[in-house]
Amino acid sequence: MVTLVVSTTIDPASIGPASALLAMPGWSPGPSFEGLRSYENGEVRMLQHDNSIVKEDNLDARWEELTHECVDNVIFLSKHTAVTKRPALTIHPIGVPHLKEGDVTPQGGKPGWAAPPDPRMGPWIRHLRSIAESRNLIPEFEITMEATHHGPVTSKPTMFLEIGLGLGGGSPVGIWDRNSDRKKVIIGIGGGHYVPRHMDIIMKENVWVGHLLSGYSLPMDDPGQSKVEAAKCIGGTWKEAIRAAYEATEIAFPGGEILAHLDHKSFKGWQKKAITAFLEEQNIQIGKPNDFKQ
């Protein structure tokens with residue numbers, strides 16, 4: 001079982017963390033294929049390419065076919081850009097589950113798809129916040145998770161680490177154990193791109209993190225003055241997005257207790273009623289903040 005760490009030479013924020021990792025002892029050259037270079041160190045494989053990082057689909061499957069190694073998870077090193085221009089260190093799952101067949105995917109992926117979320121995300125964002133605080137990077141840098149968005153397509157647990165977190169020595173952080181007493185997994189539904197109300201739970205509780213669907217990933221057709229009797233009355237791809245996010249999270253956390261957390265203030269009344277009804281229909285448990293305490 002190996003971890004793929006993927007970087008690209010066209011992104012300075014990807015080059016920096018990749019170079020820092022490769023400066024550590026123990027690396028040796030690995031096989032090259034399709035213009036990609038690779039390096040090996042224990043159970044970690046660094047892949048470097050010269051293309052857009054969101055366009056390199058199925059790197060996990062391609063690596064397995066080439067080497068016959070089993071890929072456990074995939075970590076992409078990438079830059080983060082924001083309208084506010086505020087420096088940030090972020091982690092997020094990937095997918096575009098809200099898009100429908102035929103929709104354009106401007107940042108990779110495929111419509112209706114969500115990758116299994118990497119179980120390390122929750123422990124790593126808390127660890128990253130701790131490191132940032134110890135080095136006085138806050139409040140200059142914002143340490144946060146982002147909502148699920150963009151590609152590339154993978155089938156293994158995946159996360160984007162934007163600006164970076166080293167894989168240095170010490171005990172591994174964030175390994176999922178289905179036999180542990182800590183089994184609660186959050187799926188965030190609603191809110192903005194930086195999911196602040198879901199972050200309140202993620203940072204305060206020892207909770208695992210699945211997909212985080214912001215409001216823009218839940219397209220819902222406004223029923224106007226019509227009375228909403230059931231979730232099926234509301235069109236849009238929001239149901240497909242929730243279902244894909246839940247199923248991908250189930251894959252990443254076998255045996256986990258998956259709870260949906262709603263950002264209630266981000267929804268109109270009819271939206272909240274429809275989403276709640278759909279979650280109940282799908283037997284997806286809804287959790288309040290206190291329900292996530294381990």
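## Salt bridges

In this predicted model, Glu34, Glu56 and Arg62 are joined to one another in a network of salt bridges. Within that network, arginine 62 forms a salt bridge with glutamate 34, and the closest N and O atoms of the two are 2.7 Å apart. This pair links distant parts of the chain, since arginine 62 belongs to helix H2 (residues 59–67) and glutamate 34 to the loop between strand E2 (28–29) and strand E3 (37–41), 28 residues apart. The two partners differ in their surroundings: arginine 62 is buried, with a relative accessible area of 18%, whereas glutamate 34 is exposed, with a relative accessible area of 60%.

The structure holds seven salt bridges. One of them joins the side chains of aspartate 263 and arginine 197, with an N to O distance of 3.0 Å; here too the pair links distant parts of the chain, with aspartate 263 in the loop between E11 and H6 and arginine 197 in helix H4 (residues 196–204), 66 residues apart. Aspartate 263 counts as buried at 1% relative accessibility, while arginine 197 is partly exposed, with a relative accessible area of 36%. A further salt bridge is formed by the side chains of aspartate 103 and lysine 100, at 3.6 Å from N to O, and in this case aspartate 103 counts as partly exposed at 25% relative accessibility.

## The four-stranded parallel sheet

Four strands form an open sheet in the order E10-E9-E11-E12, and the pairing is parallel. Strand E10 (208–213) and E12 stand at the edges, each with a single partner strand, so one side of each is left without a neighbour in the sheet. Helix H6 packs on the sheet, where it touches E9, E11 and E12, and the direction of H6 makes about 170° with that of E11.

Strand E9 (residues 184–189) pairs with E11 in the parallel sense over six bridges; among the partners, lysine 184 is matched with glutamate 257 of E11, and valine 185 with isoleucine 258 of E11. Towards E10, E9 pairs in the parallel sense over four bridges, with glycine 188 facing leucine 212 of E10 as its bridge partner and isoleucine 189 having leucine 213 of E10 as its own. The chain crosses from E9 through H4 to E10, and this β-α-β crossover is right-handed.

E11 and strand E12 (residues 285–286) are paired in the parallel sense over two bridges, and leucine 259 stands opposite glutamine 285 in E12. Between these two strands the chain runs from E11 through helix H6 (residues 269–281) to E12, in a β-α-β crossover that is also right-handed.

## Burial of E9 and E11

Six of the six residues of E9 are buried, so this strand is largely enclosed by the rest of the structure. Both faces of E9 are covered, as Lys184, Ile186 and Gly188 on one side and Val185, Ile187 and Ile189 on the other are all buried. Strand E11 (residues 257–262) is mostly covered, with five of its six residues buried.

## Nonpolar cores

The largest nonpolar core has 30 residues, and those with the most contacts inside it are Leu77, Ile91, Ile125, Met145, Ile186, Ile202 and Val209. Helix H3 (residues 121–134) gives the most to this core, with five residues. When neighbours within four places in sequence are left aside, isoleucine 202 is in contact with Ile125, Arg126, Met145, Ile186, Val207, Val209 and Leu212. Apart from this core lies another, of 26 residues, which includes Val185, Met220, Ile242 and Ile258.

## The surroundings of valine 96

Valine 96 is found in the loop between strand E6 (88–92) and H3, and valine 96 is buried there, with a relative accessible area of 7%. Leaving aside neighbours within four places in sequence, the residues in contact with valine 96 are Thr105, Gly108, Gly109, Lys110, Pro111, Gly112, Trp113 and His150. The C-alpha atoms of valine 96 and valine 173, which lie 77 residues apart along the chain, are separated by 27 Å.

Conventions. Residues numbered from 1 in each chain as written. Predicted model: local features only at pLDDT ≥ 70, side-chain atom pairs only at ≥ 80, totals over all residues. Heavy atoms only, no water. Buried < 20%, exposed > 50% of the residue type's maximum accessible area, 1.4 Å probe, protein only. Pairing = 2+ DSSP bridges. Right-handed = clockwise from strand over helix to strand, strands pointing away. Salt bridge = Lys/Arg side-chain N within 4 Å of Asp/Glu carboxyl O. Core = buried A, V, L, I, M, F, W, Y, C linked by side-chain atoms within 4.5 Å. Contact = heavy atoms within 4.5 Å. Axes fitted to C-alpha atoms, helices over the stretch in contact; angles between N-to-C directions.
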